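Trainee: Could we go through this model together? I would like to learn how each label is earned.
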Amino acid sequence: MSSSHRPSAPSAGTLTSRGHARRERLLDAARDVFLEQGYASASVNEIVARAGGSLATLYKQFGNKEGLFMAAMERHVATAWAAIEEGRRSDRTVEEVLFELGRRMLMLVFDPAVIRLFRGLAFEAERAPALGELFLRHGPDRTRRQLADYLQEQIRQGRLTLDDPREAAGMFIGMLLGEWHVDALLGRDVYPTRDQCDARARRCTALFLRGASA
């Protein structure tokens, strides 16, 4: 089903405390099932069985399988996005914010289950382009947009010099993932440790900021 025909679902903010708890259980179960089995093989019946509740509740809160998948994946990657918001609320430097975003993204993306999910989505997208587009809009596109907005703020405050913050956001993320992501998607065992992710995030941040100050 395309995103334009998905039934609307209530926002989390309109739920009661019990409804919110049910939603969280469904999202936890959905994250686990999608990461274990991939999108195509995942069963909403199994998700409900793990979470408790009913299919009616699932469809009422998320519309359908696509809606549940997007909500679960958005929440799963929120730890990476949170680095930007945390930076805004604190006195962290641009370098500190980019490093923290980078290390979190690397730890998230190179989780073996996430790599398997990416492979499955790439295969599914040829058969169902709308699913691929939906994932891009709610995942990679949103990450680039949030980073671009942060970079634009830093430009206005005189902390960075960039001609195109949206292009720069894509270049920073592309540099982070780089050859590791291509290798992992094509079957190589690329499972960087936390120390390796930290080191790569620092190198990419330093290279990016040197370019931004040139």
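Mentor: Happily! Keep in mind that this is a predicted model. Let's begin with its disulfides: the structure holds zero.

Trainee: How do you know that Cys 197 is in no disulfide?

Mentor: A disulfide needs two cysteine sulfur atoms within 2.5 Å. The nearest cysteine sulfur to that of Cys 197 belongs to Cys 204 and is 11 Å away, so the pair does not meet the cut-off.

Trainee: And what makes Cys 197 and Cys 204 buried?

Mentor: Buried means under 20% relative accessible area. Cys 197 has 0% and Cys 204 has 5%, so both earn the word.

Trainee: Why is the contact between Glu 100 and Arg 103 called a salt bridge?

Mentor: The cut-off is 4 Å from a side-chain nitrogen of Lys or Arg to a carboxyl oxygen of Asp or Glu. Here the N to O distance is 3.1 Å, so the name fits. These two residues are three apart in helix H5, which means about one helical turn separates them. Both are buried, and they belong to a network of salt bridges that also includes Arg 92 and Asp 198.

Trainee: What about Arg 166 and Asp 149?

Mentor: Their side chains meet at 3.9 Å, N to O, which is within 4 Å, so this is a salt bridge too. The pair links distant parts of the chain, with Arg 166 in helix H9 and Asp 149 in helix H8.

Trainee: Why is Asp 149 called partly exposed?

Mentor: Because its relative accessibility is 35%, between the 20% and 50% limits.

Notes:
Residues are numbered from 1 along each chain as its sequence is written. This is a predicted model: local features need pLDDT of at least 70, side-chain atom pairs count only at pLDDT 80 or more; totals for chains, interfaces and linings use all residues. Side-chain values use heavy atoms; hydrogens and water are left out. Buried means under 20% relative accessible area, exposed over 50%, partly exposed in between (1.4 Å probe, protein chains only). Helices (H or I, at least four residues) and strands (E, at least two) are DSSP runs, numbered from the N terminus.
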